[in-house]
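Let's take a friendly walk through a protein model together. Have a look at the sequence and the 3D view, and then we will begin with a single residue.

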Amino acid sequence: LDWPYGAQGQGNLWADFGAQNVQYTKAVSYFSPNFGGFSFQGQYDLGDGNTGAHAYEVTANFTGGGFAADVGFHEAKNDGAASSEAYVFGASSGWGKGGDYTKENKVRAYNAGIRYAIAGFDFAAGVKRNEWSGDVNDAIHAGTGTTKVDQGLVRVGYTTGKHNVNLGYQRIGDSKTDGVTTDDGMDVINAQYNYAVSKNTSAFVQARHHMFDNAAKTSVMHGSWQLDGAAGNGKDSATRILVGTWTGF
């Protein structure tokens, strides 16, 4: 989710936000060989203090001739930290330690995406569904029902020499709780320019602009720091500009 789909400034809603809520610290994992461009992966979290698994995921990929496709499914259950906030992923929160099994809930994430590269251009598009059910943070939904949030992403990039330019768009659909739709969707546009300083380092300028359908309700992102600090601020839009360098190892 984080790369290559959430890249170039799109990761705050594609990878940091959502119903994925586990890190596999006690897991059985399998990563297949490449079969003519096709590969698949599976991970099963052994959990802590409970005989059942805390989470599992299955993913598959295909690459060939400049084209790539990716699909995945993830489920975590009975996690006392089930939320839409990336903060619960932090080391001090207990996330990734198997869950405390004090709540009966499930979080699920489904994703699919395609990518294509040709003559300096690269394209990416993806869809993702987030589901929270049972006893989760009341800011997502009250009671023990099911809340669903769908989202989509498109991005196009162009590289020539040391220069790379990217434009992207994301749509977070209105959330639905037990079939009832809330007017809380949003649109996000982003742009990023990269300049290759060396083989592993680039300098960049990144901008993204959030447009909220309802200034009083930004989907299930209730943490004030979410959406670049814009969640719950009562405004109908928010913009972030970031200048920096990036190095890969």
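## Starting with one residue

Find Met211, which lies in strand E12. Please keep in mind that this is a predicted model. Is Met211 buried, exposed or partly exposed? Its relative accessible area is 31%, and because buried means under 20% and exposed means over 50%, Met211 counts as partly exposed.

Which residues does Met211 touch, once residues up to four places away in sequence are set aside? They are Met186, Asp187, Ile189 and Asp236. You can also compare sequence with space here: Met211 and Arg171 are 40 residues apart in sequence, and their C-alpha atoms are 9.8 Å apart.

## The whole chain

Now zoom out. The protein chain contains two helices and 13 strands. It has 249 residues, and 41% of them count as buried. The accessible surface adds up to about 12400 Å², with 59% of that belonging to carbon and sulfur atoms.

Contacts tell us about the chain too. Taking the contacts with a separation of 6 or more, 57% are between residues 24 or more positions apart.

## Strands side by side

Follow the strands from E4 to E7. Strand E4 covers residues 67-77 and strand E5 covers residues 105-118; the two run antiparallel and are joined by eleven bridges. In this pair, Ala76 stands opposite Val107 of E5. On the E6 side, the bridge partner of Val107 is Trp132.

How many bridges pair E5 with strand E6, residues 121-134? There are 14, again in the antiparallel sense, and Asn105 stands opposite Gly134 in E6. E5 and E6 form a hairpin with two residues between them, and Ala119 in the turn has a positive phi of about 50°. E6 is in turn joined to E7 by 13 bridges, with the strands running antiparallel. One example is Phe121, whose bridge partner in E7 is Tyr158.

## The nonpolar core

The largest nonpolar core has 21 residues. Which of them touch the most other members? They are Leu13, Phe17, Trp132, Met186 and Leu227. Trp132 may look familiar, as the bridge partner of Val107, and Met186 was among the residues touched by Met211.

Leu13 deserves a closer look. Leaving out residues up to four places away in sequence, Leu13 touches Lys128, Gln151, Gln170, Ile172, Met186, Val188, Met221 and Leu227.

## Empty spaces

Rolling a probe the size of a water molecule over the atoms shows where empty space is left. In this model, the largest pocket holds about 870 Å³ of space. It is lined by 33 residues, and those nearest its centre are Trp3, Ala7, Gln8, Asn164 and Asn194. Helix H1 and the strands E5, E6, E7, E8, E11, E12 and E13 each supply at least two residues of this lining. So E12, the home of Met211, turns up again here.

There is also one cavity of 30 Å³ or more, and the volume of the largest cavity is about 30 Å³. Tyr5, Trp14, Asp70, Asn111, Ala112, Gly113 and Gly126 line the largest cavity. Which strand gives the most to that lining? E5 does, with three residues.

How values were computed
Residues are numbered from 1 along each chain as its sequence is written. This is a predicted model: local features need pLDDT of at least 70, side-chain atom pairs count only at pLDDT 80 or more; totals for chains, interfaces and linings use all residues. Side-chain values use heavy atoms; hydrogens and water are left out. Two strands pair if DSSP finds at least two bridges between them. Helices (H or I, at least four residues) and strands (E, at least two) are DSSP runs, numbered from the N terminus. A nonpolar core is a set of buried Ala, Val, Leu, Ile, Met, Phe, Trp, Tyr and Cys residues joined through side-chain atoms within 4.5 Å. Buried means under 20% relative accessible area, exposed over 50%, partly exposed in between (1.4 Å probe, protein chains only). Contact means heavy atoms within 4.5 Å. Accessible areas come from the Shrake-Rupley method with a 1.4 Å probe; for residues, only the protein chains shown count as cover. On a 1 Å grid over the protein atoms alone, a cavity is a set of points where a 1.4 Å probe fits but cannot get out, and a pocket is an open set with protein on both sides within 12 Å along at least five of seven lines; lining residues have an atom within 4 Å of a point. Grid points are joined across faces, edges and corners, and a volume is the space filled by probe spheres set on the points.
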